[in-house]
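Here is a short note for a colleague who will work from these coordinates. The points below go from one strand outward to the chain.

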Amino acid sequence: MDSNSISRLGLSNEEMAIKYGPLSGLIGTWTGNKGVNLIAVPDQKGEFTLLVAPYYETIEVTALSSTTPNRGLKTIENIPTLMYSLRIHNANDNSLMHAENGIWELLDGSKDNDGYNLARISTVPHGDAIMALGNSSVTPGRPPIDKTASAIPTGGLPPVLGYTDVYDSKIVPGFNNATPNTYLTNYLDAQEKTGRVITSSTNLVVSTANNGGINNIPSIDKNADAASFESIFWIETVQDKATGKSFQQLQYSQNTIIDFPVKGTPKGETIHWPHFNVNTLIKQ
């Protein structure tokens, strides 16, 4: 591959918006230290452990210098494509928590693409490959972040009173284990009190439920199966009322459902454990 084939293109903001549409705002480097990771994992004794930790993150997004051609039976589909790489480190001990490489594609929203105008394709070292499709929208002012999105597991939970009480515990200050997205909305509430308000948000919503899926290595399927994935990115324009200046802010909420049983799970059933990641980042 030509060393210049992946680049931060020398285009104006208007030209970038035309070529990459709702994905254009992603291009660049994003950093943030307001992340929280919540995941339930098997404890090798037939029960589960809930892990909740703060993190900091860097996301780098670059644009391919030309579209990606898909040659079909009647037409050639030319897809504007972004490449991304991200690294997440545990804020408590600076250890690497997550690494990921992937692609964002701007689709045409046609019947051939089942009406979707976004595709996100990603791989992670655990042994998972994800295809998630969806659509974009633009919201004036604050984005529609669902504060009620729940991290409480469902399915074949043991009939034990208080089995999920650990989700009521306070592990990361200000983070509600049961409703992770409130961490994002609380941040916006505090930001507004300092005179910084969101004037618009581009919303990127993708899910494996939209004719996508996850392929895992066999050991994941047989132990703690990553069964589904959904992600919402909110690319926000924030204006400082005092200065009139604006900056770009990225918030996201991602939920991977991980399936595994515990002692007491009825035979033939499993438990669906939400694995949430939320963060707020600033474009550099």
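1. Buried here means under 20% relative accessible area, and exposed means over 50%, with partly exposed in between. The coordinates are those of a predicted model.

2. In a regular strand the side chains alternate between the two faces of the sheet. Strand 12, residues 213–216, follows such an alternation. I214 and N216 point to one face and are buried. G213 and N215 point to the other face and are not buried.

3. Which strand is joined to strand 12 by four bridges? The partner is strand 9, residues 128–140, and the two run antiparallel. Within this pairing, N215 of strand 12 is the bridge partner of A129. N215 is also one of the residues on the face that is not buried.

4. The chain as a whole has three helices and 15 strands. Its radius of gyration is 20 Å, close to the 19 Å that the globule rule gives for 284 residues, so the chain is as compact as a globular protein of that length. Along the principal axes, the C-alpha atoms fill a box of roughly 60 × 55 × 35 Å.

5. Of the 284 residues, 45% count as buried. Taking contacts between residues at least 6 apart in sequence, 64% join residues at least 24 apart.

6. The area exposed by the chain is about 14300 Å², and carbon and sulfur atoms supply 53% of it. As for charge, there are 20 positive and 27 negative side chains. The centres of these two sets lie 4 Å apart.

Notes:
Residues are numbered from 1 along each chain as its sequence is written. This is a predicted model: local features need pLDDT of at least 70, side-chain atom pairs count only at pLDDT 80 or more; totals for chains, interfaces and linings use all residues. Side-chain values use heavy atoms; hydrogens and water are left out. The radius of gyration is taken over C-alpha atoms; the globule rule is 2.2 Å times the number of residues to the power 0.38. Buried means under 20% relative accessible area, exposed over 50%, partly exposed in between (1.4 Å probe, protein chains only). Contact means heavy atoms within 4.5 Å. Accessible areas come from the Shrake-Rupley method with a 1.4 Å probe; for residues, only the protein chains shown count as cover. Lys and Arg count as positive and Asp and Glu as negative; His and the chain ends are not counted. The place of a charge is taken as NZ of Lys, CZ of Arg, CG of Asp or CD of Glu. Two strands pair if DSSP finds at least two bridges between them.
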